[in-house]
Amino acid sequence: MDPTLTLVGALMLVISIVLSPLSSRVGMPVLLIFLVVGMMMGEDGPGGIEFDNFELAFLIANLALGVILLDGGMRTRVETFRVGLRPALMLATLGVGLTAGGAAVVAWWVFDLHWLMALLVGAIISSTDAAAVFSLLQGRGLHLNERVSATLEIESGSNDPMAIFLTLLLVTLIGSVQEDALAQGLMMLVRQFGIGIFAGLIGGFAVVQLVNRIRLTPSLYPLLVAAAGIAVFSATNAIGGSGFLAIYLTGVVIGNRHVRMMPMILQVHDGLAWLAQLCLFLMLGLLVNPSDLIPLAGGGLILALALIFIIRPATVLLTLWPFGFNRRELGFISWVGLRGAVPIVLALFPIIADLPDAQLVFHAAFFIVLVSLLVQGTTMAPLARKLKLEVPAGEEPYRRLPLDVPAAGDHELMLFPLRGKVWETPKTLGRLRLPDNTAVAGIFRGRKCLQPTRQLEVRSGDVIAMFATPALLPDLGKALSGRQAPRHLAERAFFGDFVLNGDALLGDVEQVYGIEFDELAPELSLAECFARRTKGHPVVGDKVVLGPVTLVARATDADRVTKVGLKMDS
């Protein structure tokens, strides 16, 4: 092996990682940095690397996407399906089809393509990369309300398979001279969906059983999950199913079952997913010469802008209007049509199949991804704040360590650093309002471990070690949070001065606070008010304005609001 090649590859990784902090500082998607570094090291750039092995790129891209989808599946909570499953599936199926059709019309017009090739272009660029959106939003410290975040999270894992199905179907139709090509394509579609779902669920449960039944060195559990996930992915592809759908569902099953060493598995897989994205975008950047993009820049820009400003918003409005989203939420989801790696990878299919105009399709997809990352990626976080879609968030632990002892159950050791103005005044441990079923394991201060007692004072700079279960993380994070939240996200500013039970009746609120609600019947409970306004799926942060009073959902249990904040108009 040429040592120069490995040196250049390693330097590309180092440069990309070193430049990645620019993402959060200037609001630029980190994936764009990886793409640009890859292009700069390519044939037209100072690196001068000639790389045109599309088959190798396709193989690496498939494995990388498999790792990314496995990680995304493990971080998808089944609880979010309550509010996000149906709208996300509408976006991921009908929405992808509508996007592909709208983009095909524009592509047929600007590139003068055959209608089947135009449809292929539409299918290739029809899926969004919401995973990239979340990495950008989290890097800017944003915590979106559950209705928006759940919809985007589920869409990110489920729309890629649909786009892949459409692309394969059209490649089959264009490349086949058989009369029954359409019927074969539709059968392939059904087969990939059916086998993909079945293999993903069975594979997920099998991986859970394997991990929980075998005793290994802790560091081997993440590798076992990764290897088993890739095995499910490859086996599903081998029998004609969708490996992408299978590995995503495998991740969902693993992430929502009790799995030994799960925090460590997630921590390692976060790094694996970043490595996969980094290598994927660097490699895709190497495949493209900037000089090849210039001839189609005009048509590509028209198609990209039509996708951003017309096609995606129209698709979101047509698919999500029955699900109780308000205008601000619809506006943000419309803007989160960020294109990422999948359209570029899908554009490799026509090249490998040696279809006419395949190079044009590949370069057009790459150009559209660049425009999307520049236009949408850099404005995502400011728009989320402007539309007031944030909700207050608690402190996350600095480190989570699974105990892996049967008697401990789901309990973990969590380390919380105490910081912020709240902790500048010392507080005794006995005064802290910690959730039930938790215990203080110790206090670290100045490299020393202090024995926890009710009289011990803790202050800013200390690290408190807690035994707690993952389900208690939100309450525990709020109890130990000391960060100064923005004024509009402070507890009292966001939820109001008064806290009411969701079962409280409007009539009782009228009597206590001397307010008249003419719009609704007094026998309605506050929870029922939210259910009516949100079509049965309220989330924390939802608001109901009743005359001079604003009710804010403070806590929910399943589809019912249990705690309500009351804000009086000043």
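This passage describes the nonpolar core, a surface patch and the salt bridges of a predicted model.

The interior is a good place to start. The largest nonpolar core holds 126 residues, and those touching the most other members are L35, I125, L280, L284, L303, F332 and F362. For F362, the contacts beyond four places in sequence are F54, L287, V288, I344, A347, L348 and I351.

Nonpolar side chains also appear at the surface. There, L7, L11, I15 and L19 make a nonpolar patch of about 320 Å². L19 belongs to helix α1, which spans residues 3–19. With a relative accessible area of 31%, L19 is partly exposed, because this value falls between the 20% and 50% limits.

Turning to charged side chains, the whole structure contains 10 salt bridges. In one of them, R82 meets E146 at 3.1 Å, N to O. R82 sits in helix α5 (residues 81–111) and E146 in helix α8 (residues 146–175), so this pair ties together parts that are 64 residues apart in sequence. E146 is partly exposed, at 24% relative accessibility.

Helix α8 takes part in further pairs. R147 forms a salt bridge with E329, their closest N and O atoms lying 2.9 Å apart. Since R147 lies in helix α8 and E329 in helix α15 (residues 327–335), the bridge ties together parts 182 residues apart in sequence. Both partners are buried: R147 has a relative accessible area of 3%, and E329 has 1% relative accessibility.

A salt bridge also joins R312 and E155, with 3.2 Å between the closest N and O atoms. This pair links helix α14 (residues 297–320), home of R312, to E155 in helix α8, 157 residues apart. R312 is buried at 4%, and E155 is buried at 1%. Finally, salt bridges with shared partners connect R82, E146 and D559 in one network.

Note on methods:
Residues are numbered from 1 along each chain as its sequence is written. This is a predicted model: local features need pLDDT of at least 70, side-chain atom pairs count only at pLDDT 80 or more; totals for chains, interfaces and linings use all residues. Side-chain values use heavy atoms; hydrogens and water are left out. A nonpolar core is a set of buried Ala, Val, Leu, Ile, Met, Phe, Trp, Tyr and Cys residues joined through side-chain atoms within 4.5 Å. Buried means under 20% relative accessible area, exposed over 50%, partly exposed in between (1.4 Å probe, protein chains only). Contact means heavy atoms within 4.5 Å. Patches are made of residues with over 30% relative accessible area and no salt bridge: like charges are joined within 9 Å, nonpolar side chains (Val, Leu, Ile, Met, Phe, Trp, Tyr) within 5 Å. Accessible areas come from the Shrake-Rupley method with a 1.4 Å probe; for residues, only the protein chains shown count as cover. A salt bridge is a side-chain nitrogen of Lys or Arg within 4 Å of a carboxyl oxygen of Asp or Glu. Helices (H or I, at least four residues) and strands (E, at least two) are DSSP runs, numbered from the N terminus.
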